[in-house]
Structures are given as structure tokens and as C-alpha cells.
Amino acid sequence: MAHYVNSFLIDLGRMEKFEVVTMAETVTVKDLTFESLHTYWKSVTTGELYLPFDDPDINLRSDYAKYKQAKNLLATEDIIDIRKKYGLSLRSFAKLLGIGYSTLSKIENGVVQSTAHDALLRLASDPHGFYTKLVVPKSELLTAKELAKLEKVIKDMGGATFR
């Protein structure tokens, strides 16, 4: 059964009815080529395909997720969950990882991380490893309040003993 949406189409200068269509396409992400299902809006009037106006990055995110899975890289959602379980801001987490804030932001928004970044994020997923290998050596990068809060979270996880 076909699914339809209505949205304003600038090309025609009016509201338009679109059929939501899915098609298999061959894509290449970095060094890997694979089949991926992509979603488009097909204008009922013109037959032209458009990326969904409400989520134009849907196909890109899907392709990156497949690439990450094939290359055994952490999924975007897992990366976000790691940071959130420690209650850290994006900036504080990036400081402790030793990577730029904008780099971490891009990774959390779905960009494919390097294998080096993936290794750091995997280390951070283990509370003990995160604390001993990343937090302790860089504790001066956090405020006293941030450090105390983080140590409590890690302690509650059973992840580390403190100095």
C-alpha cells in the first residue's frame, strides 16, 4: 500500500502530494561498496524524486550505519550513550578523549569515526579503563565539580577505585 505526504514544493510554488518510495541503490562509503535501501519522496505531479524534506539526511545516516557495522565500528547511538552514562557534556568528554569538540560532535551526528577515535571510544565504554587511562591523566581539564560528579558516577558503576 502506497504511503503519501503533502508538502510545499518550491519548484512548483504550491503544495504537492508525494509518494514515499524506497529503492535499493549501490553506494560507496570510503573503501566499501554495498547495496542500501534509500527513501525518497516522488512528486505525484512531476514524477521527480526528492530527498524527504523533513529528514534529508536519512539515506546518508543509513549508509554510514551500515558502513560502521560492516567495519565493526561503534554505532552512533552507542557513542552518545557512552558519553551520557558519565553525565559529561560534549566538550568535557572531548577533552578527556583528547579530540576536538567539533570532531566529537560530528561523530555523534553520524559521521564515520576513524579507527583511532573508535579505539578511544571503546576504551571510554569501560568505566575502569576510562577512569584510569583517560580521566586520571587529564583530570586537570575538568572543574573540581565535574571531576567529583564523574568520580561518583564511575564509582556507582563499580568501575574504579579512587586515589
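Start by selecting His38 and Glu25 in this predicted model: their side chains are joined by a polar contact of 2.4 Å. Keep His38 selected and add Asp63, because a second polar contact, of 2.8 Å, links the side chains of His38 and Asp63.

Now show the backbone around His38. The residue sits in strand E3, which covers residues 32-43. Is His38 buried or exposed? It counts as buried, because its relative accessible area is 5% and the cut-off for buried is under 20%. To display its surroundings, leave out the neighbours within four places in sequence; His38 is then in contact with Val21, Thr22, Met23, Glu25, Val27, Asn59 and Asp63. Glu25 and Asp63, the two partners from the first step, are among the residues in that list.

**The whole chain**

Zoom out and colour by secondary structure. The protein chain has seven helices and four strands. In what order do the elements run from the N terminus? The order is β-β-β-β-α-α-α-α-α-α-α.

Turn the model to view its outline. Along the principal axes, the C-alpha atoms fill a box of roughly 70 × 35 × 30 Å. The radius of gyration of the protein chain is 21 Å, whereas a compact globule of 163 residues would have one near 15 Å. Of the 163 residues, 37% count as buried. Among contacts with a separation of 6 or more, 50% are between residues 24 or more positions apart.

Switch to a surface display. The accessible surface comes to about 9500 Å², and carbon and sulfur atoms account for 55% of that area. Then colour the charged side chains: there are 22 positive and 21 negative ones, and the centres of the two sets lie 9 Å apart.

**Two loop residues**

Go back to the cartoon and select Lys30. Where is Lys30 found? It lies in the loop between strand E2 (14-29) and E3. Lys30 is not a glycine, yet its phi is positive, at about 50°. Lys30 counts as exposed because its relative accessibility is 58%, and the cut-off for exposed is over 50%.

Next select Asn72, which is placed in the loop between helix H1 (58-70) and helix H2 (76-85). Asn72 also has a positive phi, near 55°, and is a residue other than glycine. With 56% relative accessibility, Asn72 counts as exposed.

**From the loop to helix H5**

Keep Asn72 on display and add Asp118, in helix H5 (residues 115-125). Not counting residues up to four places away in sequence, Asp118 touches Asn72, Leu73, Leu74 and Gln113. Is Asp118 buried or exposed? Asp118 is buried, with a relative accessible area of 5%.

**Helix H2**

Select Ile79, which lies in helix H2. Its relative accessible area is 0%, so Ile79 is buried. Which residues does Ile79 touch, not counting those up to four places away in sequence? They are Lys68, Leu74, Ile107, Glu108, Gln113 and Leu121. Leu74 and Gln113 are also among the residues that Asp118 touches. For a longer span, draw a C-alpha to C-alpha line from Ile79 to His128: the two are 49 residues apart in sequence and 17 Å apart in space.

Move to Ile80, also in helix H2. Ile80 is partly exposed, with a relative accessible area of 21%, whereas Ile79 is buried. Between the C-alpha atoms of Ile80 and Ser139 there are 21 Å, and the two residues are 59 apart along the chain.

**Helix H3**

The last stop is Phe93, found in helix H3 (residues 90-97). Phe93 is buried, at a relative accessible area of 0%. Leaving aside residues up to four places away in sequence, Phe93 touches Ile82, Arg83, Leu88, Leu104, Leu121, Ala124 and Phe130. Leu121 is worth labelling here, as Ile79 touches it too.

To finish, draw a C-alpha to C-alpha line from Phe93 to Val29. How far apart are Phe93 and Val29 in sequence and in space? They are 64 residues apart in sequence and 27 Å apart in space.

Methods. Residues are numbered from 1 along each chain as its sequence is written. This is a predicted model: local features need pLDDT of at least 70, side-chain atom pairs count only at pLDDT 80 or more; totals for chains, interfaces and linings use all residues. Side-chain values use heavy atoms; hydrogens and water are left out. Buried means under 20% relative accessible area, exposed over 50%, partly exposed in between (1.4 Å probe, protein chains only). A polar contact is a pair of N or O atoms within 3.5 Å; within protein, one must be able to donate a hydrogen and the other to accept it, and residues adjacent in sequence count only if both atoms are side-chain atoms. Contact means heavy atoms within 4.5 Å. The radius of gyration is taken over C-alpha atoms; the globule rule is 2.2 Å times the number of residues to the power 0.38. Accessible areas come from the Shrake-Rupley method with a 1.4 Å probe; for residues, only the protein chains shown count as cover. Lys and Arg count as positive and Asp and Glu as negative; His and the chain ends are not counted. The place of a charge is taken as NZ of Lys, CZ of Arg, CG of Asp or CD of Glu.
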